[in-house]
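User: I'd like to go through this model with you and ask how each label was earned. Can you set the values against the cut-offs as we go?

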Amino acid sequence: MVSLQDSHSSSNHFPPHTRNFYSPSSTKIHRQTGRSMRTIRSNIYHDDQSRNSFTTERSSFVSENLTDSVVDMRLGELALRTHSSAAKSASSDEEFLQLSQAFSDFSACSSDISGELQRLATLPSPENEPTSEAEPEVPEEPCQGFLQRENFSTEIIESISPEDLLPTVKICVDGLQSPSIAIKQSAAAKLRLLAKNRADNRALIGESGAVPALIPLLRCSDPWTQEHAVTALLNLSLHESNKAIITNAGAIKSLVYVLKTGTETSKQNAACALLSLALIEENKSSIGACGAIPPLVSLLISGSTRGKKDALTTLYKLCSIKPNKERAVNAGAVKPLVALVAEQGTGLAEKAMVVLSSLAGVEEGKEAIVEEGGLAALVEAIEDGSVKGKEFAVLTLLQLCTESVRNRGLLVREGGIPPLVALSQTGTLRAKHKAETLLGYLREPRQEASSSAL
């Protein structure tokens with residue numbers, strides 16, 4: 001927990017014109033795993049007539065322009081007042097992890113994880129930041145320094161009860177509708193943090209009317225405001241009842257817009273938000289119909305490693321229904337998926353094979369996989385891939401060859417028999433069974449040809 005003295009000493013903020021934003025065409029960014037996560041503090045105002053600092057006359061924007069030191073003091077007081085209930089956060093963390101793990105059978109996708117470290121790694125350090133005169137025409141961000149501080153601890157936020165945070169949430173919801181971009185950005189950032197780890201906070205924010213106010217910010221031209229808004233919605237979507245609130249408010253089309261036009265980080269978090277909404281079966285069709293699959297394929301082609309993983313996970317979940325399988329094939333998903341099968345050591349090959357296996361469930365998908373050289377790539381995966389990769393590869397080959405004599409012949413010509421024989425002897429129990437079944441299909445055309453020759 002940060003002391004009041006620490007918060008006073010760290011209240012310097014970065015001038016607005018020195019911030020670095022991502023652009024949609026930015027180069028690949030690698031996650032800096034050794035850097036600690038920065039956090040955003042809630043801006044809270046509680047009318048307490050007994051304290052001298054709050055007896056001054058309030059203007060219409062007093063709640064939007066609290067200083068860092070006042071916010072630190074108020075949060076610290078609330079944290080001390082509710083310290084006895086701090087143990088509740090442990091159960092909330094456990095629930096959060098369970099929700100995160102439910103996203104996919106083969107890929108972890110957790111709240112606010114995508115792109116966070118990449119964004120933070122680009123922020124300049126306070127020691128190296130050049131000083132310059134403030135430009136009077138640029139509106140200052142309320143509660144300056146919230147987004148930049150390294151030494152603010154989320155323990156303060158996580159120890160405050162939802163009841164005590166209700167005034168903060170109301171202030172943030174009002175701030176989302178302010179004419180000031182800086183105030184909107186700050187409000188979205190605080191909601192993003194409040195909804196990050198605690199299920200009770202997600203429920204509170206979802207019931208407060210924040211979702212309809214966040215959705216317009218998904219089309220905001222300011223990249224940081226858009227990023228905070230999309231990530232706040234991602235975090236809120238982890239609470240089951242909020243999924244319906246988000247979809248009923250019309251968020252899917254705006255999330256697809258972010259997926260098409262946002263920064264790398266915003267695209268990743270939009271993909272994860274759509275993945276979270278796709279856990280409700282009826283949403284899968286709506287997401288596909290709103291045009292989500294082509295930009296997911298684009299993210300699969302040009303995104304960072306994290307972005308590609310997010311795209312793969314979301315495509316996997318969406319393509320459990322036939323219309324979305326067809327949309328993915330028509331959007332050109334097969335070619336990049338086949339290319340990813342050959343990428344060993346990145347964790348992408350196995351995921352790509354799982355999605356290919358899903359697309360092989362429709363005839364157009366089978367044809368596209370063969371045309372894009374998928375047979376050769378899958379044979380190589382059986383030879384050199386991981387244990388799981390070999391299982392996924394033989395499963396996909398079995399789907400391609402079960403009802404196609406032509407594909408069986410092509411697989412034989414690609415040299416598929418020797419690695420399949422080896423897999424049938426040394427693979428896992430499941431891989432052995434699939435390999436033996438596939439080898440049985442590969443013998444059938446030869447037997448038919450021999451019979452016809454007699």
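**Rings and labels**

Analyst: Sure, starting with rings: this predicted model has zero aromatic pairs.

User: What makes a pair of rings count in that tally?

Analyst: Ring centres have to lie within 6.5 Å of each other. The tally for this structure is zero.

User: Which residue lies over the face of Tyr257, and how do you know that it qualifies?

Analyst: That's Arg219, at 4.7 Å from the ring centre. The distance limit is 6 Å, with CZ as the reference atom for Arg, so 4.7 Å passes the distance part. Lying over the face is the other part of the label, and Arg219 has that too.

User: How do you describe the chain overall, in helices and strands?

Analyst: There are 25 helices and zero strands. Of the 454 residues, 55% count as buried. The accessible surface is about 19,900 Å², with 51% of that belonging to carbon and sulfur atoms. As for contacts with a separation of 6 or more, 78% of them join residues 24 or more positions apart.

User: Why is Lys325 called buried?

Analyst: Its relative accessible area is 13%, and buried means under 20%, so Lys325 gets the label. This lysine is found in helix α17. Setting aside residues up to four places away in sequence, it touches Cys319, Ser320, Ser358, Leu359 and Val362. Its C-alpha is also 9.0 Å from that of Glu364, a residue 39 positions away along the chain.

User: And what makes Leu411 buried?

Analyst: With a relative accessible area of 0%, Leu411 is under the 20% limit, so it is buried. Leu411 sits in helix α23, residues 405-413. Its contacts beyond four places in sequence include Leu375, Val379, Leu397, Cys401 and Leu420. Cys401 is ten residues away along the chain, with 8.3 Å between the two C-alpha atoms.

User: Leu204 has a relative accessibility of 16%, so why is it buried or exposed?

Analyst: Buried, because 16% is under the 20% cut-off. Leu204 belongs to helix α8, residues 199-207, and touches Pro162, Leu166 and Val169 once residues up to four places away are left out. From Leu204 to Leu194, ten residues apart in sequence, the C-alpha distance is 9.9 Å.

User: How do you know that Ala182 is buried?

Analyst: By the same test: 14% relative accessible area against a limit of 20%, so Ala182 is in. It lies in helix α7, which covers residues 181-194. Thr225 is 43 residues from Ala182 in sequence, yet their C-alpha atoms are 8.2 Å apart.

User: What makes the buried residues of α14 line one face of the helix?

Analyst: The buried ones in α14 (residues 281-289) are Asn283, Lys284, Ile287 and Gly288. Looking down the axis, they fall within an arc of 135 degrees, so they line one face. On the other side, Glu282 and Ala289 are exposed, a label that needs over 50% relative accessible area.

User: What covers that buried face, and what follows the helix?

Analyst: The cover includes α11 (240-248), α12 (251-261), α13 (264-277), α16 (305-318) and α17 (322-330). After α14 comes Gly291, with a positive phi near 90 degrees.

User: Why is α18 called mostly covered?

Analyst: Six of its eight residues are buried. They are Val334, Pro336, Leu337, Val338, Leu340 and Val341. Those residues pack against α15 (293-302), α16, α17, α19, α20 (363-371) and α21 (374-384).

User: What makes a group of residues a nonpolar core, and which residues have the most contacts inside the largest one?

Analyst: Members are buried residues of nonpolar types such as Leu, joined through side-chain atoms within 4.5 Å. The largest core here has 93 residues, and Leu337, Leu359 and Leu420 have the most contacts inside it. Helix α19 (residues 348-359) supplies its largest share, eight residues.

User: Which residues does Leu359 contact?

Analyst: Beyond four places in sequence, its contacts include Cys319, Lys325, Ala328, Val334 and Leu337. So two residues from earlier turn up again: Lys325, which touches Leu359, and Leu337, which is buried in α18.

Conventions:
Residues numbered from 1 in each chain as written. Predicted model: local features only at pLDDT ≥ 70, side-chain atom pairs only at ≥ 80, totals over all residues. Heavy atoms only, no water. Buried < 20%, exposed > 50% of the residue type's maximum accessible area, 1.4 Å probe, protein only. Helix = DSSP H or I, 4+ residues; strand = E, 2+ residues; numbered from the N terminus. Contact = heavy atoms within 4.5 Å. Areas by Shrake-Rupley, 256 points an atom, 1.4 Å probe, with all protein chains shown as cover. Arc of directions from axis to C-beta. Phe/Tyr/Trp six-rings, centres within 6.5 Å; stacked < 30°, edge-to-face > 60°. Lys NZ or Arg CZ within 6 Å of the ring centre and 35° of its normal.
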